[in-house]
Amino acid sequence: MTAIAHDMPAVRADPRRFARYMPLVPAVAFLAIVFVIPVAQLLFLSFFDNKGNPTILHYERLVANATYFQVVLNTLSYSAWTTLFCLVGGYPVAYLIATISARQRNPLMLWILVPLWTSFLVRVLAWMVILGAQGVINRTLLSLGIISQPLNLIYNFFGVMVGSVHSLMPIAILMMLSVMLNIDRSLSNAASTLGARKSMAFWRIYFPLSLPGVAASGLMVFVTSLGFFIAPQLLGSPSNIMLAQLIIVQLEESLNWEFAAALSVVLLAATIIVVVIFDRTLGLSSLTGETRAAGAGRKGPVGRLSSEIGQRLGSALGWGSVYMEILLGRIMPGRRRLGPERRPILWIVGMTGVAFLALPTFFLIPISVSENRFLAWPPQGFTWRWYEVYFSSPVWVDATLRSIGVGLATAALSMILGVPAAFVLARHHVIGKSVILSLMLLPMVLPHIIVAVGLFYLYAKIGLVGTNIGLIIGNTIFSLPYVVITVMAVLRNYDERLDQAAWTLGATRGVTFRRVTLPLLKAGMVTAFLFAFVKAMDELAIALFVADAGTPLLPKQLWQEMSYKIDPSLAAVSTLILIIVGLSIAIVQMLNSFGARRRTDDV
Amino acid sequence: MNTKLRLDQVAKSYGPVRALRPTSLDVPQGEFLTLLGPSGSGKSTLLQILAGLTACDQGEVWIDGRRSTDTPPHDRGIGLIFQNYALFPHLTVAQNIAFPLEMRKMPRAEIDKRVARMLEVVQLPQVGNRLPRELSGGQQQRVAFARCSVYEPSIILMDEPLGALDKRLRDDMQTEIRRLHKELGATILYVTHDQEEAMAMSDRICLMNDGGIEQLGTPSEIYFRPRSVFAAEFVGHANFVKPAPELTASDRCMVRPENIRILKEGEQADTVVEATLEDTVMLGAFSRHIARLATGERMVAVNWSDEKGAPHHPGERVRLGWDGAKAVMLSAERGR
């Protein structure tokens, strides 16, 4: 504390200093009441029995029973595998996108964003169509005579992995990409004029510089997948369940709230341990996109060792690939003309990754008009029947309208709370900025199920379960971080001197905001709003625990139908969701390209 | 004279944009040649083609008498110093300097010895273990120079290496680069858009404009004998006057400001014009006089400041004069 006091001798009782914090108050208060308190309460609850007496019984039960320990191990290994595949699969895609021209980049980015914005449940349904016993892969291989029996691609570890990796790879790619785009291209050129071949330049220079992005994506994917239950439940086998599924079972079937709370504590503890280990070795700052060189800053012995190992590894890989290159050159001689690189292998690997992310959902469209009763490939005939089922079902229509309404209200509330906070965080030096920012972003990494369960306890006491208000508040917890991140990113690129110019030209602060700031930030604001809206439409954990039979929601309805009966009407619903998402993305792209054009016109 | 580098009809287009017209250039061993020109004149493209970072559409590049048009950059043995230095941010200063030696598979002991010696040469013996961003701009510049000369390339290309430095540091570094040039005996190709820098450092200047070479010559040739209006205007200040009646209208006559005198009463010169003085600025050693001719043309004369001479006032009628030998006849066409 004394250190802080020394650094900030300017702290005086200046009312303007406190006014500066005012825009943060609503967001922080909101999160304190509906996020921090419920989660804390939940943790508290785990130390009591069902009569309200303090006990550590639940933890004893956890430790005593080897099955629960197995579930924890399952969850950890599942997350580790998901992380590995996301990073290995995502890296070439991110590298490809980072190193092509901007003109080629935009369409590829679109194909990464489409799955990111598409409801996870819809994507899981698509994988059911592709991987099922009568699915695309099995039917194709059977008809080609390559296999005689359908392969078991679903309801096992493979299915879960495919679904989870598909779900998390876009985030991994975007986080790696944000670091890669900041790597100065002249560094690779410098390496080659200094005598390094392309492959050597990559392993010694580019790869080490991209590692902070890899580490940040790894953390994000690992922590997110710890709380996953959708893919394990719908694509996995019942014998191999995850922690989050166990929590749901305890709540919905055993009605053992206290034990569920204890399980949530384990999940939370695992999350926190991972984050702390990450911070100790690599530093959390790489998460917020502040690129730091791998060998930089405060660094314990672990960090030094890992950077030492990293350099040795880079060197070994570099020389390995150089000899490979020379060898290949011997096998396939021929005078190569110096020219733009074609990099066929990178293109093939990268585009395979993009296809893996972008294509699956499109298989739902033909299924939605197929006469076949099951999600069987290939589609047969043509019928609007499944759309009729959807539109004539009051539950589906009610769920859709409510989801859209709740989504719009959530996006509005997230903007009201998030935009002022983002302005303060992006533009001013506020004391405790990192703490406040961490609080805002925390809901993104915490397993949603923990927050949802905590809210359920709170709502049960104050009668908000099954209300629209309750749903909007719950969804806002998760949409808020996306609004804050998006708006902060837009503000980082905004030239504040434009505002200053407007003031010196005689505009008041209000007029400046309306005539200069807002028009320039419009595209970013709309993006933030739509992001919040789409996230809210897709939020299943809140829908499961806060909605009730009287308040059907789209994700909950999808989840229930997918768990019990699967028919093409689900594909019809999914197609409609795809259309909504597609329109949202189209709006964002149009706004962005319009903004870009206007900027180039100015030059 | 030993030709180190030869460009033979090298050209490059980016789509419809002609970055470099067919250009030929010979650079002898050990020369300090500056590519001078405004942005977009093709000088950076030329450098990129020499380094092998950009492929040319046509023509040939010869290095040390070997055809090198298709040699990849890592095999050219050319040193390139980038505008932003391009120091590897994750490697220490010593590791940065060791990088090209490692690429040449030099034994570790030899690498350490050379790195230490190079740090001495650039007068930074203490910073080997620091990261680039812990250094000042001038220090980074010297590390970039050390990294690129440690493997003793016989050709060093520099792409506006002093652009990011402030004026004083830039002057120091100019001297430094001149010193290192003499010490290492390397052939240096230096890109800049700063004419004073080009004058101060070069053996020869290659003036570029609009994707081609405008004029090639020593600094004094370019300054005193520009071959085109562009060359005259880009290097130094130029006065243009209507040609004598016997010349065609497209030809112009150029006189440098320091060669125009304000004539005293009765003083004569080869050419004399009448003008009205608009402004006089005392710059210390020199004074600059701005005058307007009856035809509306503006002329600038720069003369030694004279404390005792009669002071000039705006609005005053003066006679300006210069010697015929100091006037340069220019064709309005390009000088090539």
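This report describes a predicted model, beginning with the domains of chain B, then turning to a sheet in that chain, and ending with one residue of chain A.

## Two domains in chain B

The domain assignment divides chain B into domain 1, which covers residues 3–232, and domain 2, which covers residues 240–331. Taken over C-alpha atoms, the centres of domain 1 and domain 2 of chain B are separated by 40 Å.

Where these two parts of chain B meet, five residues of domain 1 are in contact with four residues of domain 2. On the domain 1 side of chain B, the residues that touch domain 2 comprise three nonpolar residues, one polar residue and one charged residue.

## A six-stranded sheet

Chain B contains an open sheet of six strands, arranged in the order β6-β7-β8-β3-β9-β10, and the pairing within this sheet is mixed. As general background, strands of a sheet pair through backbone hydrogen bonds, and they may do so in either a parallel or an antiparallel way. The edges of this sheet in chain B are β6 (78–81) and β10 (212–217), each of which has a single partner strand, so one side of each is left without a neighbour in the sheet. On average, and with direction ignored, neighbouring strands of the sheet are turned by 20° against each other.

At the β10 edge, strand β9 (residues 204–209) of chain B runs antiparallel to β10(B), and five bridges join the two; Ile205(B), for example, has Gly217(B) in β10(B) as its bridge partner. Helix α4 (residues 137–149) of chain B lies across β6 and β7 (155–159) of chain B, and this helix runs at about 170° to β6(B).

## The buried strand β3

How many residues of strand β3 (residues 32–36) of chain B are buried? Five of the five are, so β3 of chain B is largely enclosed by the rest of the structure. In a regular strand, the side chains alternate between the two faces of the sheet. In β3(B), Phe32(B), Thr34(B) and Leu36(B) point one way, whereas Leu33(B) and Leu35(B) point the other way.

Strand β3(B) runs parallel to strand β8 (residues 187–192) of chain B, to which five bridges join it, and Leu33(B) has Leu189(B) as its bridge partner in β8(B). Strand β3(B) is also parallel to β9(B), with four bridges between them, and here Leu35(B) is partnered by Cys206(B).

## An exposed residue in chain A

In chain A, Ala40(A) lies in helix α3 (residues 24–45). Ala40(A) counts as exposed because it has 11 C-beta neighbours inside 10 Å, and the cut-off for an exposed residue is 12 or fewer. Ala40(A) and Ala196(A) are 156 residues apart along the chain, and their C-alpha atoms are separated by 55 Å.

Conventions. Residues are numbered from 1 along each chain as its sequence is written. Chains are lettered from A and ligands numbered from 1 in the order in which they are written. This is a predicted model: local features need pLDDT of at least 70, side-chain atom pairs count only at pLDDT 80 or more; totals for chains, interfaces and linings use all residues. Domain bounds come from an automatic or database domain assignment. Two residues are in contact if their C-beta atoms, placed from the backbone, lie within 7 Å. Ala, Val, Leu, Ile, Met, Phe, Trp, Tyr, Cys and Pro count as nonpolar, Asp, Glu, Lys and Arg as charged, and the others, Gly among them, as polar. Two strands pair if DSSP finds at least two bridges between them. Axes are lines fitted to C-alpha atoms, for helices over the stretch in contact, and angles run from 0 to 180 degrees between N-to-C directions. A residue is buried if 20 or more other C-beta atoms lie within 10 Å of its own, exposed if 12 or fewer, and partly exposed in between; C-beta atoms are placed from the backbone.
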